[in-house]
Amino acid sequence: MTTTLLQWALVLASSITLFFVSPLARTAPEFFRGARNERTPNTLFLTSSLVISWLFAKSITNAANLGHSFGLVGGVAYAGYYLSFLVAGFVIVSMRNKGGYRSIHHFLESKFGASAVVVFTLLIMIRLYNEIWSNTIVIGSYFGAQGSTEYYVAIIVFTLLTLAYTLKGGMSSSIMTDVIQLSLFVVLLTVILGFILPQYGGSLKPFVSSGRWKLNQGVDLLLVALVQCFSYPFHDPVLTDRGFISDTRTTRRAYIRAAVIGSLCIIFFSFVGIFAKLNALTGEAPVAVARYFGVPMLLLMNLIMVTSASSTLDSAMASFSKLISIDLSRAVVPSVTRGRLAMIVLTILGTIPVFFDPAILSATTISGTLVLGLAPVFLCWNVRVPRLAFHLSVVGGVLLGGFLTFFPLPESWRLGNGKYGSLLSVNLITTAFCFLAFAGSALFQPKTHD
């Protein structure tokens with residue numbers, strides 16, 4: 001059997017298995033909130049769902065590539081984004097306990113009005129849209145060159161198989177399969193490390209000492225992550241939706257554990273890139289290491305990408321379904337049928353970019369820099385400010401962050417001469433503007449009473 005056929009066998013077997021183990025959701029609580037027998041997800045299920053939903057194909061590829069570029073520093077820098085779990089978890093639990101809010105949209109409409117909901121919805125819809133194609137193209141790259149028939153067929157088949165089991169159970173399917181997918185991810189990561197570490201006698205020293213903790217050697221990216229983690233999680237409905245489906249005690253524990261587990265997974269997967277760096281391998285780190293070890297490693301790498309990509313896709317579909325059927329709907333009882341139709345629409349629209357040049361479309365992705373204005377809105381959720389504060393911070397942040405991103409800062413404004421020095425400066429400037437705009441709005445506008 002050829003390598004390609006083995007890869008297809010893995011994709012088909014894993015996806016079909018997930019379809020059969022996915023529960024059939026018949027009611028709105030089951031489909032939109034992941035409830036089973038009127039019981040909400042426990043800590044294990046919620047933690048697993050949070051972690052695997054952020055270990056998407058693109059993220060672990062980035063972790064490996066950063067390990068290749070900066071050694072351990074690169075892995076730790078990317079893991080810094082996983083502090084987002086702590087920020088989101090504590091803010092959401094506080095909003096629920098002290099404010100009585102049922103969702104992010106409930107909070108925004110109550111405090112800032114319908115116009116804030118429109119702006120916020122646009123931001124998260126663009127993110128969910130991009131989650132589809134940006135993860136499926138990673139899968140396609142393991143089956144053929146970009147633009148080849150094999151590449152497109154792999155993407156379409158994989159996407160449809162993921163859609164099938166998500167349509168079956170909605171959020172229930174997403175959370176149930178997330179437990180399986182995270183377990184499989186950990187096993188596969190362990191096996192991959194089992195290939196790599198023995199090359200150095202099982203010692204971690206070459207990996208731990210592989211980078212230099214200097215601003216221009218990846219520390220600038222770590223600082224960017226630490227700045228963005230206060231805003232980044234709130235434009236990801238996959239992350240925030242899970243903060244409202246279980247009791248607050250379970251939610252808090254799940255988000256804390258997810259931060260630890262997710263960070264460790266990213267750091268250990270960066271060892272793949274560090275191995276490539278130590279052995280002077282070129283190209284995409286996961287692919288280069290897979291080729292170095294041969295077919296067994298290629299299949300393992302392919303399966304771990306399939307696992308991570310499918311978990312992200314089903315979560316994006318479930319969140320979009322809730323967005324359309326609950327957050328943006330006035331219906332007393334959410335329609336499961338409408339939710340399933342929303343998933344189909346997102347899948348079709350999100351797959352279209354695959355047939356064009358993703359590099360062109362990547363410029364439209366809402367990055368962490370463009371949503372820095374969400375930080376004061378959510379960190380200061382209980383502070384009384386006028387409704388205008390949302391728009392000054394969020395819309396102002398998008399405009400300023402976008403302008404500074406596309407029109408580079410003077411060299412004298414860069415923090416260090418590293419690759420991410422300019423990005424760090426832009427993030428600090430934009431964040432300072434957003435907090436000042438948010439706070440300053442209270443000085444010039446009459447306050448509203450929630």
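Start with the whole protein chain shown as a surface: about 18,200 Å² is exposed, and carbon and sulfur atoms supply 67% of it. Accessible areas here come from the Shrake-Rupley method with a 1.4 Å probe, and for residues only the protein chains shown count as cover. You are looking at a predicted model, in which local features need pLDDT of at least 70, side-chain atom pairs count only at pLDDT 80 or more, and totals for chains, interfaces and linings use all residues. Residues are numbered from 1 along each chain as its sequence is written, and side-chain values use heavy atoms, with hydrogens and water left out.

**The whole chain**

Switch to a cartoon view, and you will find 21 helices and zero strands. Helices (H or I, at least four residues) and strands (E, at least two) are DSSP runs, numbered from the N terminus. The C-alpha trace spans about 70 × 60 × 40 Å along its principal axes. A compact globule of 450 residues would have a radius of gyration near 22 Å, and the protein chain agrees with its 22 Å; this radius is taken over C-alpha atoms, and the globule rule is 2.2 Å times the number of residues to the power 0.38.

Of the 450 residues, 57% count as buried. Buried means under 20% relative accessible area, exposed over 50%, and partly exposed in between (1.4 Å probe, protein chains only). Contacts (heavy atoms within 4.5 Å) tell you about the fold too: among those between residues at least 6 apart in sequence, 83% join residues at least 24 apart.

**Stop 1: helix H4**

Select residues 57-70, which make up helix H4. Its 14 residues should span 20 Å at 1.5 Å a residue, and the end C-alpha atoms are indeed 20 Å apart; the expected span is 1.5 Å times one less than the number of residues. Among the buried residues of H4 are Ile60, Leu66 and Phe70. Step on to Gly71, which follows H4 and has a positive phi, near 70°.

**Stop 2: two buried residues**

Next, select Gln181 in helix H10 (residues 171-196). Is Gln181 buried or exposed? At 3% relative accessibility, Gln181 is buried. Beyond its neighbours within four places in sequence, Gln181 touches Leu18, Ile52, Tyr165, Thr307, Ser310, Ser311 and Asp314.

Now move to Leu313, in helix H16 (residues 295-327). Leu313 is buried as well, with a relative accessible area of 0%. Outside the four places on either side in sequence, its contacts include Glu131, Ile132, Phe158 and Thr162. For a distance check, pick the C-alpha atoms of Leu313 and Leu299: they are 14 residues apart along the chain and separated by 21 Å.

**Stop 3: a nonpolar patch**

Select Ile156, Leu160, Leu341, Ile344, Val345, Ile348, Leu349, Ile352, Phe355 and Phe356, which form a nonpolar surface patch with about 900 Å² of accessible area together. Helix H9 (149-169) and helix H17 (336-351) are the elements that give two or more residues to this patch. H17 gives the most, with five residues. One residue to highlight is Leu341 in H17, exposed at a relative accessible area of 51%.

**Stop 4: an unusual loop residue**

Finish at Ala280, in the loop between helix H14 (248-278) and helix H15 (285-293). What is the phi of Ala280? Its phi is near 55°, a positive value in a residue other than glycine. Most residues other than glycine have a negative phi. Ala280 is exposed, with a relative accessible area of 63%.

Technical notes: Patch = residues over 30% accessible without salt bridge, like charges linked within 9 Å, V, L, I, M, F, W, Y side chains within 5 Å. Salt bridge = Lys/Arg side-chain N within 4 Å of Asp/Glu carboxyl O.
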